[in-house]
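Thanks for coming. I have one structure to show today, and I will keep to what can be computed from it.

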Amino acid sequence: MARFCSHGNIAQQVVVELRRLGHDVLSTLDATKANSPVADAEVMASATAGERILLSHNRRQFMQLHRNRTEPHAGMVLCTFDPDFARLAQRIHSTVAAASDMRDRLIRVNRPG
């Protein structure tokens, strides 16, 4: 299963569901940075250092970091918000499972229309 670094804007219910599906998810709550502003570049650096796939709703900012990167990263999954947290976690799970290798990849998981 995948190792994720969950950005603070991902609901804790999504984190819990991903863990239930067998993923190793480190959230900002786990890192004791809850309710503390953390720069996107710092979140990316932390995910990269831990060899974790970054998981976030901040699509625009992290797409820019991905395009302008100077070092490899473990991958990014950028999501649109879905209030059905279990469904969002399942889509993330399925998308990552279908990817052969996430290294340096950016994958978008969008809410169905």
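I will go through the sheet, then two residues, then the pocket.

A caution before the details: this is a predicted model.

Let me begin with the sheet. It is open and has five strands, in the order S2-S1-S3-S4-S5, and the pairing is parallel. Which strands stand at the edges? They are S2, residues 24–27, and S5, residues 106–109. Each of these has a single partner strand, so one side of each has no neighbour in the sheet. On average, neighbouring strands are turned by 25° against each other, with direction ignored. As a reminder, strands of a sheet pair through backbone hydrogen bonds, in either a parallel or an antiparallel way.

Take one pair from that sheet. Strand S1 covers residues 3–6 and pairs with S2 in the parallel sense, over four bridges.

Ser6 belongs to S1, and opposite Ser6, in S2, stands Ser27. Is Ser6 buried or exposed? Its relative accessible area is 1%, and the cut-off for buried is under 20%, so Ser6 counts as buried. If we set aside the neighbours within four places in sequence, Ser6 is in contact with Val15, Val25, Leu26, Ser27, Thr28 and Leu55. The residue standing opposite, Ser27, is thus also on the contact list.

Now to the other part of the sheet. Helix H3, residues 59–67, lies across three strands: S3 (53–56), S4 (76–79) and S5. Relative to S4, the helix runs at about 155°.

The loop between S3 and H3 holds His57. Its relative accessibility is 16%, so His57 counts as buried as well. What does His57 touch, leaving aside its neighbours within four places in sequence? The contacts are Asn9, Ile10, Cys79, Thr80, Phe81 and Leu88.

Last item, the pocket. The largest pocket has a volume of about 220 Å³. Its lining consists of Ala41, Met44, Ala45, Thr48, Leu65, Asn68, Arg69, Thr70, Glu71, Pro72, His73 and Met76. Which helix gives the most to that lining? Helix H2, residues 40–49, with four residues. Sorted by class, the lining has six nonpolar, four polar and two charged residues.

To recap: a five-stranded open sheet with parallel pairing, a buried serine, Ser6, in S1, a buried histidine, His57, in the loop between S3 and H3, and a largest pocket to which H2 gives the most lining residues. That is the end of my part.

Definitions and conventions: Residues are numbered from 1 along each chain as its sequence is written. This is a predicted model: local features need pLDDT of at least 70, side-chain atom pairs count only at pLDDT 80 or more; totals for chains, interfaces and linings use all residues. Side-chain values use heavy atoms; hydrogens and water are left out. On a 1 Å grid over the protein atoms alone, a cavity is a set of points where a 1.4 Å probe fits but cannot get out, and a pocket is an open set with protein on both sides within 12 Å along at least five of seven lines; lining residues have an atom within 4 Å of a point. Grid points are joined across faces, edges and corners, and a volume is the space filled by probe spheres set on the points. Helices (H or I, at least four residues) and strands (E, at least two) are DSSP runs, numbered from the N terminus. Ala, Val, Leu, Ile, Met, Phe, Trp, Tyr, Cys and Pro count as nonpolar, Asp, Glu, Lys and Arg as charged, and the others, Gly among them, as polar. Two strands pair if DSSP finds at least two bridges between them. Axes are lines fitted to C-alpha atoms, for helices over the stretch in contact, and angles run from 0 to 180 degrees between N-to-C directions. Contact means heavy atoms within 4.5 Å. Buried means under 20% relative accessible area, exposed over 50%, partly exposed in between (1.4 Å probe, protein chains only).
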